[in-house]
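Open the model in your viewer and keep the sequence panel beside it. The stops below say what to select and what is there.

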Amino acid sequence: MRFVPRPYQEAGIELMLREPGVGLFLEPGSGKTVTALTAADLLMNEHLSVQRTLVVAPKMVAQEVWHRECAKWDHLAHLQVFHIDSSVFDYYRKVTASAI
């Protein structure tokens, strides 16, 4: 699907391109995910100013929404999304603690 940002989404993208560590606090269903993904894509692939992006999100959003949004929008289909939850960190702590 082709993404045509609304004016407030354009403003959000521009803000994220200018300011590091920005948060988007918008109403549910207002397109925060596609806005953030678009800004991340621009930072990684056009501005070349970042290599990776860390997103902190509620578990369901992290597991389901981000993957769907990348697949939904034509301009984001090339992005890879990896979900890491606390179980990965718990496993890492156990493995490294037992190795010492």
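**Stop 1: where two helices meet**

Select T33, V34, A36 and L37 in helix α2, then add V65, W66, E69 and C70 in helix α3; these two sets of residues are in contact with each other. By type, the residues of this contact comprise 6 nonpolar, 1 polar and 1 charged. Bear in mind throughout that the model is predicted.

Now show the two helices in full: α2 covers residues 32-45 and α3 covers residues 59-72. Their axes lie 10 Å apart and form an angle of about 65°. The range for roughly perpendicular is 65 to 115 degrees, and α2 and α3 are therefore described as roughly perpendicular to each other. The crossing of the pair is right-handed.

**Stop 2: Q9**

Move to helix α1, residues 7-18, and select Q9, which is found there. Is Q9 buried or exposed? Its relative accessible area is 3%. The cut-off for buried is under 20%, so Q9 counts as buried.

Next, display the side chain of T35 together with that of Q9. A polar contact of 3.5 Å joins the two side chains. To see the rest of the surroundings, leave out the neighbours of Q9 within four places in sequence; the residues then in contact with Q9 are F3, V4, S30, G31, V34 and T35. One of these, V34, was also selected at the first stop, where V34 belongs to the α2 side of the contact with α3.

**Stop 3: S49**

Follow the chain into the loop between α2 and α3 and select S49, which is placed there. How accessible is S49? The relative accessibility of S49 is 48%, and S49 therefore counts as partly exposed.

Add L17 to the selection and draw a distance between the two C-alpha atoms. S49 and L17 are 9.5 Å apart in space, C-alpha to C-alpha, with their positions 32 residues apart in sequence.

**Stop 4: the whole protein**

Clear the selection and zoom out, with the cartoon coloured by secondary structure. How many helices and strands are there? The protein has 4 helices and 0 strands, and the order of elements from the N terminus is α-α-α-α.

Along the principal axes, the C-alpha atoms fill a box of roughly 55 × 25 × 25 Å. Colour by accessibility next: of the 100 residues in the protein, 27% are buried. Finally, take the contacts between residues at least 6 apart in sequence; 52% of them join residues at least 24 apart.

Terms used:
Residues are numbered from 1 along each chain as its sequence is written. This is a predicted model: local features need pLDDT of at least 70, side-chain atom pairs count only at pLDDT 80 or more; totals for chains, interfaces and linings use all residues. Side-chain values use heavy atoms; hydrogens and water are left out. Axes are lines fitted to C-alpha atoms, for helices over the stretch in contact, and angles run from 0 to 180 degrees between N-to-C directions. Angles under 35 degrees count as roughly parallel, over 145 as roughly antiparallel, 65 to 115 as roughly perpendicular and the rest as oblique. A crossing is left-handed if the near helix is turned anticlockwise from the far one by less than a right angle, and right-handed if clockwise. Contact means heavy atoms within 4.5 Å. Ala, Val, Leu, Ile, Met, Phe, Trp, Tyr, Cys and Pro count as nonpolar, Asp, Glu, Lys and Arg as charged, and the others, Gly among them, as polar. Buried means under 20% relative accessible area, exposed over 50%, partly exposed in between (1.4 Å probe, protein chains only). A polar contact is a pair of N or O atoms within 3.5 Å; within protein, one must be able to donate a hydrogen and the other to accept it, and residues adjacent in sequence count only if both atoms are side-chain atoms.
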